[in-house]
Amino acid sequence: MWCASARLASCPSHLARLATPDDRSKHMRIGILGTGAMATALGAAWVRAGHDVRVGGRDTQAASRTALLTGASGHGSLAEAAAHGDVVLLAVPAGAAPQLARELAPLFAGRTVIDCTVPMAPGEDGPALTTGGAISVARLIADAAPRAHVVKAFGVCHQSIWTLHRPAFEGAPLAVPFCTDQPDAATRVAEIITSMHCTPLPCGGLDRAALLEATAVFAIGVWWSGAEARFAFPAPALAPGAVDE
């Protein structure tokens, strides 16, 4: 298991503790910036987990509708939602996320900012990264709001997965990969993931966030082709002659 940063690499025990699916985390205030499908699905999941969610959008009527669908405690502008949260979710188009982070940088300071965007566009051979894979949207957000504690998370799965009360497959809770440079943000996001009855999967620092974005685009392309991406990643323990260590 990759640690969330170099500082976490030598002491992952607290994240292992948070990985227990039945361990309910403390409730948090979460501001959701965006009113689309991902904002709605994650917002509803977090309300079910007991968190205090507020939805913000440029269109306050759309924010009101999303708040009603999710059961959020309130709605308002993007700035109002950002100010509400200990944690802020950026659930806007990937191309708009860095500019929004720049606009709200003073409000993002000291907060955990989750980037769930997937920088994707149609290509000749299937969906392609709009960033070229050289730099992640998460890194662009961190550069735009340097005092924010940015985390890349929740973008690998389709939004429908987050509508499940206990996402589990073949008897195992869903693992949710994330990347961040901030130990405190890693702990906070792990607590949120655990509250959703999922397993936190730290995958390194923010320099590895581009890998998560590429993984999401790869998986989406496979699904759109009618195949199953999971069949490309069988458990090593199932291989002939495998020995548990």
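Student: What makes strand 4 and strand 5 (residues 112–115) a pair?

Tutor: Two strands pair if DSSP finds at least two bridges between them. Strand 4 and strand 5 are joined by four, so they count as a pair, and they run parallel. One of the matches puts Val88 opposite Val113 in strand 5. By the way, this is a predicted model: local features need pLDDT of at least 70, side-chain atom pairs count only at pLDDT 80 or more, and totals for chains, interfaces and linings use all residues. Residues are numbered from 1 along each chain as its sequence is written, and side-chain values use heavy atoms, with hydrogens and water left out.

Student: And what is on strand 4 besides strand 5?

Tutor: Strand 1 pairs with strand 4 as well, in the parallel sense over four bridges. There, Gly31 has Val88 as its bridge partner.

Student: How do you know that both faces of strand 4 are covered?

Tutor: Buried means under 20% relative accessible area (1.4 Å probe, protein chains only). Val87 and Leu89 on one side are buried, and so are Val88 and Leu90 on the other.

Student: Why is the 35-residue set called a nonpolar core?

Tutor: The name goes to buried Ala, Val, Leu, Ile, Met, Phe, Trp, Tyr and Cys residues joined through side-chain atoms within 4.5 Å. The largest such set has 35 residues, and Trp46, Ile114 and Phe154 are among those touching the most other members. Helix 3 gives the most to this core, six residues.

Student: What does Ile114 touch?

Tutor: Not counting residues up to four places away in sequence, its contacts (heavy atoms within 4.5 Å) include Trp46, Val88 and Ile192.

Conventions: Buried < 20%, exposed > 50% of the residue type's maximum accessible area, 1.4 Å probe, protein only. Helix = DSSP H or I, 4+ residues; strand = E, 2+ residues; numbered from the N terminus.
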